[in-house]
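Biologist: I'm just starting out with protein models and I'd like a close look at a single part. Could you choose one strand and show me what surrounds it?

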Amino acid sequence: MNKWLLMVGALLLTACSSGVENKSYYQLPVAAQAGGQSTASQGNRLLWVEQVNVPDYLAGNGVVYQTSDVKYVIATNNLWASPLDQQLRNTLVANLGSQLPGWVVASQPLGTDQDTLNVTVTGFHGRYDGSVVISGEWLLNHQGQLIKRPFHLEMKQQKDGYDEMVKVLGQGWAQESASIAREISRLP
């Protein structure tokens with residue numbers, strides 16, 4: 001009888017411990033910097049990335065995955081290492097800083113004679129068909145002139161899993177950063 005109780009107890013402990021999943025934390029990669037921030041910081045044009053806003057469903061800790069046309073799942077074990085809006089803003093500042101020579105790009109106000117960029121991200125998630133979605137709009141205040149552009153990217157993942165999804169999301173965000181940089185570089 002005691003052996004039987006010990007076996008049942010051991011089986012219960014094994015069952016409980018095997019149900020525990022490890023949490024994984026993700027950080028967006030910063031695109032390779034050509035030229036680096038040191039050359040960009042010598043510029044005389046100023047750009048303040050004031051904020052990057054995300055909707056409530058993206059503002060939590062969990063990485064978001066769309067499972068159908070109308071259903072989104074927020075992961076409980078695959079989490080952002082820091083708030084997504086901060087990661088998006090920091091990588092945007094780093095990417096723009098490397099892509100806009102002659103500009104100083106910062107996440108803090110730089111003075112009174114600066115351009116100001118605000119971004120609203122409405123989609124930043126994986127999708128059931130193996131794609132990632134990055135969408136939203138950005139608004140640039142350039143010397144009192146407002147320039148507003150929507151963006152929508154869908155990129156295919158080459159492999160399954162959250163690691164790949166976050167890498168492709170990072171590549172897409174870098175691609176959108178490059179698009180913003182091209183628009184800004186055309187300004188007089």
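Modeller: Let's go from the overall layout to strand β6 and its surroundings.

First, the ground rules: this is a predicted model, so local features need pLDDT of at least 70 and side-chain atom pairs count only at pLDDT 80 or more, while totals for chains, interfaces and linings use all residues. Residues are numbered from 1 along each chain as its sequence is written, and side-chain values use heavy atoms, with hydrogens and water left out.

The protein has 5 helices and 8 strands; these are DSSP runs numbered from the N terminus, with helices (H or I) of at least four residues and strands (E) of at least two. Read from the N terminus, the order is α-β-α-β-α-β-β-α-β-β-β-β-α. Out of 188 residues, 41% are buried. Here, buried means under 20% relative accessible area, exposed means over 50%, and partly exposed is in between, using a 1.4 Å probe and protein chains only.

Now for β6, which covers residues 115-127. This strand is mostly covered, with 11 of its 13 residues buried. Who are its partners? Two strands count as paired if DSSP finds at least two bridges between them. With β2, strand β6 runs parallel, joined by 6 bridges, and V52 has V119 in β6 as its bridge partner. β3 also pairs with β6 in the parallel sense, over 2 bridges, and there Y65 is matched with G126. On to β7: it runs antiparallel to β6, and 10 bridges join the two. One of the matches is T120 with E137 in β7. β6 and β7 form a hairpin with 3 residues between the strands, and in it G130 takes a positive phi near 90°. A general point helps when you look at any strand like this: in a regular strand the side chains alternate between the two faces of the sheet.

Next, pick out F124. It is one of the residues with the most contacts inside the largest nonpolar core, along with L96, L117 and V121. That core has 39 residues; a nonpolar core is a set of buried Ala, Val, Leu, Ile, Met, Phe, Trp, Tyr and Cys residues joined through side-chain atoms within 4.5 Å. Elements giving two or more residues to this core include β2, β6, β7 and α5, and α5 gives the most, with 8 residues. Leaving aside neighbours within four places in sequence, F124 is in contact (heavy atoms within 4.5 Å) with L28, Y57, L58, W80, L84, L88, V133, I134, L169 and W173.

Two of those names turn up again in an aromatic cluster made of W80, F124, F151 and W173. The whole structure has 4 aromatic pairs: rings of Phe, Tyr and Trp (its six-membered ring) pair if their centres lie within 6.5 Å, with planes under 30 degrees apart called stacked, over 60 edge-to-face, and the rest tilted. W173 also has T91 for company: T91, in helix α4, touches L28, P29, V30 and W173, not counting residues up to four places away in sequence. T91 counts as buried because its relative accessible area is 3%.

Let's move to the spot where Q66 meets H125. Q66 sits in β3 and counts as buried because its relative accessible area is 7%. The side chains of Q66 and H125 make a polar contact at 3.1 Å. That term means a pair of N or O atoms within 3.5 Å; within protein, one must be able to donate a hydrogen and the other to accept it, and residues adjacent in sequence count only if both atoms are side-chain atoms. A polar atom of the Q66 side chain is also 3.0 Å from the backbone oxygen of S68. Beyond four places in sequence, Q66 is in contact with K71, Y72, H125, G126, R127 and Y128. It stands opposite Y72 in β4, and β3 and β4 form a hairpin with 5 residues between them.

For contrast, look at D56 in helix α3 (residues 56-59). D56 is exposed because its relative accessible area is 73%. Its C-alpha is 9.7 Å from that of T122, although the two are 66 residues apart along the chain.
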